[in-house]
Amino acid sequence: MRTKNLYIVWCLILILVLEGCSGKKEEPENALLYEDEIEEGHDYIVVGFAQVGSESDWRMANTASFQATFREENGYYLLFEDGQQKQENQIKAIRNFILQEVDYIILDPIVETGWDAVLEEARAAGIPVILSDRSVEVSDETLYTCWVGSDFEEEGRVAGRWLADYLKKEGRDEEEIRIVTLQGTLDSSAQLGRTKGFDDILKNHGNWTMLERRSGDFTQSKGQEVMADFLRTHSDIDVVISENDNMTFGAIEAIEKAGLTCGPEGDIIMISFDGASRAAFTAMQEGKLHMVMECNPLLAPLVDEIIQKLERGEEVERIRYVEEQYFDASMDLEAVLETRGY
């Protein structure tokens, strides 16, 4: 038996040696794979897009915007990678884009830090990087060409100002107001900006108390879980600030399961962010949500405009904000919905 096993081992070693001597080298994974898919005679602008994931209605609307804009009919070939909420997946995607020698890289970064090395690699390869939606914190801002997205701090301030106006109209501006916040993915641009913006208003109201803040990772299930914990810990919540709609829907479920109500006629004032699906408007129409601060997901047309300028050799603005507004339950929401592209 030992002799037989030894023979098998020597055979395996011989196979490995022969393979090593064959001189064959594996091609880099994904290297220029798209070339086989492009019809002969077409000269497309090849764009690699490293998306965060598909964690929310907003994210899916945002992805749809890029897929609709960067089509072959418009002169583009899009390489799309879903980061699945993991930074290491996005870094790997960017390195694959560099191997594939794309013309431009669009990055929607999951978190703000940890990008210096891979952005250095993109710059060394001569590939412009455009940041979309979220931003990055790097030692050298020339590592990326520009950023396109929402003014998250202003979104937070608008929500705070709306709350102050609403409480005044309700005759509650002198009351003690107890608030909890469902934060998005910690250290993401949206979380940092919305939290800071609301804080700018909070500090001007001595009768407002932030009882607790905790991340719900922008997901409905986590939003429900965290809200249920808030309700077990605090029996006197007046306001819920939820930094995206999906967490808001989860929070509403938790509130209703606890035997409480929310919305204009309920126990708790609900303020949300995103407004990227009909569900948020339905919640307002059903009296479960007071206000939603829009976060416009249709960023692709602005990115397209930037790329076309770069193609012509023109300079582009370092920061481009998309237009946004808020909506509340007092508005004609059906009329609003008829004018929206998402």
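The tour of this predicted model opens at the second largest pocket, whose lining comprises six nonpolar, two polar and four charged residues. To display this lining, select Val158, Arg161, Trp162, Asp165, Tyr166, Lys169, Pro264, His290, Tyr326, Asp328, Ala329 and Ser330. The volume of the second largest pocket is about 240 Å³.

Which element gives the most to this lining? Colour helix H5, residues 152-169: H5 contributes six residues, the most to the lining of the second largest pocket. Strand E12, residues 326-328, also supplies at least two residues there.

**From the pocket to the sheet**

Keep strand E12 selected and add strand E10, residues 291-294. These two strands run antiparallel and are joined by three bridges. Within this pair, select valine 292, which stands opposite phenylalanine 327 of E12.

Now extend the selection to the whole sheet. It is an open sheet of six strands with mixed pairing, in the order E7-E6-E8-E9-E10-E12. Why is one side of E7 and of E12 left without a neighbour in the sheet? Strand E7 (208-215) and E12 stand at the edges, and each has a single partner strand, so one side of each has no neighbour in the sheet. Viewed from one strand to the next, the twist averages 15 degrees.

**Helices against the sheet**

Select helix H6, residues 189-202. Helix H6 lies across four strands, namely E6 (177-183), E7, E8 (239-242) and E9 (269-274). The direction of H6 is at about 175 degrees to that of E7.

Next, select helix H8, residues 245-257. Helix H8 packs on the sheet and touches E6, E8, E9 and E10. Its direction makes about 155 degrees with that of E9.

**The largest pocket**

Return to helix H6, which also leads to the final stop. H6 provides four residues to the lining of the largest pocket, the largest share from any element. Helix H5, helix H6 and strand E11 (319-321) each supply at least two residues of this lining.

Which residues lie nearest the centre of the largest pocket? Select Ser135, Trp147, Ser150, Glu153 and Tyr321, which lie nearest the centre among the 16 residues of the lining. By class, this lining has six nonpolar, four polar and six charged residues. The largest pocket has a volume of about 330 Å³.

To close, display both pockets together with helix H5: this helix supplies at least two residues to the lining of the largest pocket and six to that of the second largest.

Definitions and conventions:
Residues are numbered from 1 along each chain as its sequence is written. This is a predicted model: local features need pLDDT of at least 70, side-chain atom pairs count only at pLDDT 80 or more; totals for chains, interfaces and linings use all residues. Side-chain values use heavy atoms; hydrogens and water are left out. On a 1 Å grid over the protein atoms alone, a cavity is a set of points where a 1.4 Å probe fits but cannot get out, and a pocket is an open set with protein on both sides within 12 Å along at least five of seven lines; lining residues have an atom within 4 Å of a point. Grid points are joined across faces, edges and corners, and a volume is the space filled by probe spheres set on the points. Ala, Val, Leu, Ile, Met, Phe, Trp, Tyr, Cys and Pro count as nonpolar, Asp, Glu, Lys and Arg as charged, and the others, Gly among them, as polar. Two strands pair if DSSP finds at least two bridges between them. Axes are lines fitted to C-alpha atoms, for helices over the stretch in contact, and angles run from 0 to 180 degrees between N-to-C directions. Contact means heavy atoms within 4.5 Å.
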